[in-house]
Amino acid sequence: MLYRVRVLNVLRGTAAKEIDIRDENDSGRFGFEVGKKYLLFVGHRDSGWSSDIRIGPFYYVSPCGNSGLLSERANVLKQLGVSESAYR
């Protein structure tokens, strides 16, 4: 699946106000819920394949294990030295 995500804040690097995130329906799926706020660590690809169709460019959620619902990632923000209030 391809999700269009609104970017509220960027910790490192740059991003447009909206980005497309590819999330495959497999065991590595992130599983977004519409209307929720997330802390996301993402990677970028210039192109790729999905169901025999060439797509790109797109972002993907890194398998690092630190991405998730913003409300459940206070410990990750703390490790990064970022105030939770900056993301509410």
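Of the chain's 88 residues, 23% count as buried, where buried means under 20% relative accessible area, exposed means over 50%, and partly exposed lies in between (1.4 Å probe, protein chains only). This is a predicted model, in which local features need pLDDT of at least 70 and side-chain atom pairs count only at pLDDT 80 or more, while totals for chains, interfaces and linings use all residues. Residues are numbered from 1 along each chain as its sequence is written, and side-chain values use heavy atoms, with hydrogens and water left out.

On the outside, the chain exposes about 6,500 Å², with carbon and sulfur atoms supplying 47% of that area; accessible areas come from the Shrake-Rupley method with a 1.4 Å probe, and for residues only the protein chains shown count as cover.

Now for the layout. The chain has 1 helix and 8 strands, and along the sequence they follow the pattern β-β-β-β-β-β-β-β-α. Helices (H or I, at least four residues) and strands (E, at least two) are DSSP runs, numbered from the N terminus.

Let's look at the sheet. It is an open one, built from 4 strands in the order E1-E2-E7-E4, with mixed pairing. Strands E1 (2-6) and E4 (42-45) stand at the edges with a single partner strand each, so one side of each has no neighbour in the sheet. On average, neighbouring strands here are turned by 40° against each other, direction ignored; the axes are lines fitted to C-alpha atoms (for helices, over the stretch in contact), and angles run from 0 to 180 degrees between N-to-C directions.

Strands of a sheet pair through backbone hydrogen bonds, either parallel or antiparallel. Two strands count as paired if DSSP finds at least two bridges between them. Walking across from E1, the pairing with E2 is antiparallel over 5 bridges, and Arg-4 has Asp-20 in E2 as its bridge partner. Next, E2 (residues 18-22) and E7 (residues 58-61) run parallel and are joined by 2 bridges. Here Ile-21 stands opposite Tyr-59, and Arg-22 has Tyr-60 as its bridge partner. Finally, E4 and E7 run antiparallel, joined by 4 bridges, with Arg-45 opposite Phe-58.

Which way do the side chains along E1 point? They alternate: Tyr-3 and Val-5 are buried and point to one face, while Leu-2, Arg-4 and Arg-6 point to the other and are not buried. Tyr-3 and Val-5 also belong to the largest nonpolar core, a group of 7 residues that includes Ile-19, Ile-21 and Phe-32. Such a core is a set of buried Ala, Val, Leu, Ile, Met, Phe, Trp, Tyr and Cys residues joined through side-chain atoms within 4.5 Å. E1 and E2 are the elements that give two or more residues to this core. Beyond its neighbours within four places in sequence, Ile-19 is in contact (heavy atoms within 4.5 Å) with residues including Tyr-3, Val-5 and Tyr-59.

One last stop is Asp-23, in the loop between E2 and strand E3 (38-39). Asp-23 is buried, with a relative accessible area of 5%. Its side chain reaches the backbone nitrogen of Gly-31 at 2.9 Å. Leaving aside neighbours within four places in sequence, Asp-23 is in contact with Met-1, Tyr-3, Arg-29, Phe-30, Gly-31 and Phe-32.

Terms used. Polar contact = N/O pair within 3.5 Å; in protein donor to acceptor, adjacent residues only side chain to side chain.
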